[in-house]
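Student: I have a new model open and would like to talk through how its parts fit together. Could you take my questions one at a time?

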Amino acid sequence: MTDVAAVLGRPSDRSAPPVLLWLGRSRVMAPVWTAMRVWLGIMWIQAGVAKLWGADNPAFLHHGGAGVAGFATHGASAYTWWHSFLTGFVVPNAGWIAVLVAVAEFAIGIGLVLGLFTRLAALGSLALLFTYVMSGTASVCAFYALFAIVILATWRTSGWLGADGLIAGYRARRHDIRYDQDRQDGQATREDEDGQAGQPARNTAARAPAAAPVSAPAPVILPAPSPTANGTGDLDPGPAVTTGGGRAQ
């Protein structure tokens, strides 16, 4: 069987056009992508605020999610299977789905404005816009989707002027500090090992404690029998002196 990779090549070996790489990584284009990101975030914040605290609050946070239920039943679905999904799953669960939609729109807007979790916010935008378009609502969804795709494709620079850029910079500085510290510790360890290897070995006997001098055992004086004790009447020769080995002298 012919190897597909040998015929078509590996996808990882394919390179993007230099223009696209420049657009996605150039700091010159960062203000443009940032402006698109912030604008799309503001639009999502406005939609979320209207559902959480504004005029759409009763339809989404109250009355069993009547806004979502009405949207699911009265819209012209793009496909029959999608209409079955809306009527079979979304309408019976419209209460918590409405709360989820309101919170998601507001959270996506905050993330895009702050540049926090930019890629996740862009993906969330596309997911919500997908459901809206599939349910028969075009409106400005196509324009929002275009902005979300651009932000997702240029995530290196679209989130650079924001919280993601600050977090990435902090992590890079921390990594550099840790790398420098590890390098200094390793150099100090090597210097210590080299210094210890260059010192002459000390004499083990010199490091051992000096042995105490051994003294001869003191002579043991044993009392000789007195004349009255043996009854012979001989003079007492005096105490016998023995060495440490027990022999009399």
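Student: How are helix 3 and helix 9 oriented to each other: parallel, antiparallel, perpendicular or oblique?
Tutor: Keep in mind that we are looking at a predicted model. The axes of helix 3 and helix 9 (residues 141-153) come within 10 Å and cross at roughly 135°. Roughly antiparallel would need an angle over 145 degrees, and roughly perpendicular covers 65 to 115. Helix 3 and helix 9 are therefore oblique.

Student: Which hand does the crossing of helix 3 and helix 9 have, left or right?
Tutor: Good thing to ask after the angle of roughly 135°. The crossing of helix 3 and helix 9 is left-handed.

Student: What is the orientation of helix 3 and helix 7?
Tutor: These two helices pack at an angle of about 150°, and their axes are 7 Å apart. The cut-off for roughly antiparallel is an angle over 145 degrees, so helix 3 and helix 7 meet it. Their crossing is left-handed. The orientation is roughly antiparallel.

Student: Which side chains meet in a salt bridge?
Tutor: Searching the whole structure turns up one salt bridge. Its N to O distance is 3.0 Å. The partners are the side chains of Glu-105 and Lys-51.

Student: How many residues apart in sequence are the parts that this pair ties together?
Tutor: Glu-105 belongs to helix 7 (residues 94-114), while Lys-51 belongs to helix 3. The salt bridge between Glu-105 and Lys-51 therefore ties together parts whose separation in sequence is 54 residues.

Student: Is Glu-105 buried or exposed, and which is Lys-51?
Tutor: Buried means under 20% relative accessible area. Glu-105 has 2% relative accessibility, so Glu-105 passes that cut-off. Lys-51 has a relative accessible area of 11%. Under the same cut-off, Glu-105 is buried and Lys-51 is buried.

Student: What orientation do helix 7 and helix 8 have?
Tutor: Helix 8 spans residues 118-134, and the axes of helix 7 and helix 8 are 9 Å apart. The packing angle is about 140°, and the crossing is left-handed. Roughly antiparallel starts over 145 degrees, so helix 7 and helix 8 count as oblique.

Student: Which residue in the loop between helix 7 and helix 8 has a positive phi?
Tutor: The phi in question is near 55°, in a residue other than glycine. The residue has a relative accessible area of 55%, so it counts as exposed. It sits in the loop between helix 7 and helix 8, and its name is Phe-117.

Student: Where is His-63 found, and is His-63 buried or exposed?
Tutor: His-63 has a positive phi, near 60°, and is a residue other than glycine. Its place is the loop between helix 4 (57-61) and helix 5. Exposed means over 50% relative accessible area, and His-63 has 66%, so His-63 is exposed.

Student: What distance separates the C-alpha atoms of Thr-73 and Val-91?
Tutor: Thr-73 is part of helix 5 (residues 66-74) and is partly exposed, at a relative accessible area of 38%. Along the chain, Thr-73 and Val-91 are 18 residues apart. Their C-alpha atoms are separated by 7.7 Å.

Student: Which residues make the nonpolar surface patch?
Tutor: The patch covers about 350 Å². One of its members, Trp-39, is placed in helix 3 (residues 30-52) and is partly exposed, with a relative accessible area of 30%. The patch is made by Trp-39, Val-140, Phe-143 and Leu-146.

Technical notes. Residues numbered from 1 in each chain as written. Predicted model: local features only at pLDDT ≥ 70, side-chain atom pairs only at ≥ 80, totals over all residues. Heavy atoms only, no water. Patch = residues over 30% accessible without salt bridge, like charges linked within 9 Å, V, L, I, M, F, W, Y side chains within 5 Å. Areas by Shrake-Rupley, 256 points an atom, 1.4 Å probe, with all protein chains shown as cover. Salt bridge = Lys/Arg side-chain N within 4 Å of Asp/Glu carboxyl O. Helix = DSSP H or I, 4+ residues; strand = E, 2+ residues; numbered from the N terminus. Buried < 20%, exposed > 50% of the residue type's maximum accessible area, 1.4 Å probe, protein only. Axes fitted to C-alpha atoms, helices over the stretch in contact; angles between N-to-C directions. Parallel < 35°, antiparallel > 145°, perpendicular 65-115°, else oblique. Left-handed = near helix turned anticlockwise from the far one by under 90°.
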